[in-house]
Amino acid sequence: MQREITTTGPLLDENGNLQETGYARSLLRTYDPRQVRGGLGRLKEWDYYLVQCGDFALALTIADNTYMGLYSVSLLDFRAGWEVTKSKMEPLTLGKTALPRTSAVGNTAVAGRGFGLSFLNDGKKRLLVAHMDNFRDGAALDAQVELDAPPAESIVMMTPFRQRGHFYYNQKINCLPAKGRVELGARRYDFPAGTSFGVLDWGRGVWPYQSTWYWASASGTLDGVPFGFNLGYGFGDTSAATENALFYGGRLHKLSQVTFHIPFDGTKEVDYCAPWTFTSDDHRFHCHFVPTLERASCVDVRALKSDQHQVFGRFTGTAVLDDGTVLHLKDFFGFAEKVMNRW
């Protein structure tokens, strides 16, 4: 079942539960944190941008988890085979980062000793600016990236959890046209217009203490047409709809269930750097994924833990649009991840 929501209105009812569950093609429902009833200490809000051009990628995060703010910068050089992530934490942010209630417009900025991040969105363009002292080998990082207006359609999920008052309101915008640069000391990385694309992961919700998610995303062009996909599962009740979707020429083509087949090594441990396979139960997505670089991190601080494996690489296979058109992918660049949290 893939239940599409087409009506506007408040996201939550008077008890803090979702008015409707399913997916939409744009951010139709109005999010208001004052309607949250599931416990403000469980409220989590974030904006995550990833911008890539095939040779390197930049990821920026501003997250307010109520009891803690997390501000992160990642730079990945696929040619040289390295990645660096630097994060800053701030206790008891309690919503003071003032992340916008909509992805359509609004600004947010954070700064502290030796770092600063700002996401500026006037409703037409987005400007991402980042600075981080001592990012790699003593060199500071400075980044400025501009994202053009988003495609007509994206994937928006209204997903409940078993606990009352717990929900996840999420939008993934693929194929954001990008241009800009990253300066790392004397070295410069350019995002050329036309071959650089961004993805936004916009999340607002009240989460349970433990969760695991699988997510894969890719954005680029296929025979000159903007193409991308979003795949994911692993948390919440997705019986009304999944977040699996193809994007072709700015339009969403809905998929059913997709499974990530992550390989194991000879010791029964997951081997994230070996080739993966992705299959869908509706036979509309089948791809092999060859990893290029893994960004792995594990933070384990008493009651809090985040074990992340984000793997970048190339997808080869087929994707089928709603009208039956078969698209052939060959070394299409993207990423896939598995994240386990106690938060």
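Which strand does Thr 61 lie in? The answer is strand S5, which covers residues 56-64. Before following that residue further, please keep in mind that the structure shown here is a predicted model.

**The overall fold**

Let's step back to the whole chain. The secondary structure comes to 24 strands and 0 helices. The radius of gyration of the protein is 19 Å, close to the 20 Å that the globule rule gives for 343 residues, so the protein is as compact as a globular protein of that length. If you lay the C-alpha trace along its principal axes, it spans about 55 × 50 × 50 Å.

Of the 343 residues, 54% count as buried. Contacts can also be sorted by distance along the sequence: among those with a separation of 6 or more, 55% join residues 24 or more positions apart. As for the surface, the protein exposes about 14,700 Å², and carbon and sulfur atoms supply 51% of that area.

**The largest pocket**

The largest pocket has a volume of about 880 Å³. Its lining is made up of 39 residues, and those nearest the pocket centre are Leu 70, Trp 213, Ser 306, Gln 308 and Asn 341. Sorted by class, the lining holds 19 nonpolar, 13 polar and 7 charged residues. Which strand gives the most to this lining? That is strand S23, residues 304-320, with 5 residues.

**Thr 61 and its neighbours**

Now back to the residue we opened with. Thr 61 has a relative accessible area of 14%, and because buried means under 20%, Thr 61 counts as buried. Leaving aside residues up to four places away in sequence, Thr 61 touches Asp 47, Tyr 48, Leu 70, Tyr 71, Ser 72, Leu 117 and Phe 119. One of these contacts, Leu 70, is also among the residues nearest the centre of the largest pocket. For a longer view across the model, take Phe 247: it is 186 residues from Thr 61 along the chain, and the two C-alpha atoms are separated by 24 Å.

**Arg 187**

Arg 187 has its place in strand S14, residues 187-191. With residues up to four places away in sequence left out, Arg 187 touches Asp 77, Arg 79 and Val 182. Leu 141 is 46 residues from Arg 187 along the chain, with 9.6 Å between their C-alpha atoms.

**Two aspartates with positive phi**

Two further residues deserve a look at their backbone. Asp 223 has a positive phi of about 55° although it is not a glycine, and Asp 331 likewise has a positive phi of about 55° without being a glycine. Where do they sit? Asp 223 is in the loop between strand S16 (210-222) and strand S17 (225-233), whereas Asp 331 is in strand S24, residues 326-342.

**Accessibility side by side**

The table sets out the relative accessible area of the four residues discussed above.

| Residue | Relative accessible area and class |
|---|---|
| Thr 61 | 14%, buried |
| Arg 187 | 42%, partly exposed |
| Asp 223 | 80%, exposed |
| Asp 331 | 40%, partly exposed |

The class limits explain these entries: exposed means over 50% and buried under 20%, with partly exposed in between. Asp 223, at 80%, therefore counts as exposed. Arg 187, at 42%, is partly exposed because its value lies between those limits. Asp 331 is partly exposed too, with its 40%.

How values were computed
Residues numbered from 1 in each chain as written. Predicted model: local features only at pLDDT ≥ 70, side-chain atom pairs only at ≥ 80, totals over all residues. Heavy atoms only, no water. 1 Å grid on protein atoms, 1.4 Å probe; cavity = no way out; pocket = protein on both sides within 12 Å on 5 of 7 lines; lining within 4 Å. Points joined across faces, edges and corners; volume = space filled by probe spheres on them. Helix = DSSP H or I, 4+ residues; strand = E, 2+ residues; numbered from the N terminus. Nonpolar A, V, L, I, M, F, W, Y, C, P; charged D, E, K, R; others polar. Rg over C-alpha atoms; globule rule 2.2 N^0.38 Å. Buried < 20%, exposed > 50% of the residue type's maximum accessible area, 1.4 Å probe, protein only. Contact = heavy atoms within 4.5 Å. Areas by Shrake-Rupley, 256 points an atom, 1.4 Å probe, with all protein chains shown as cover.
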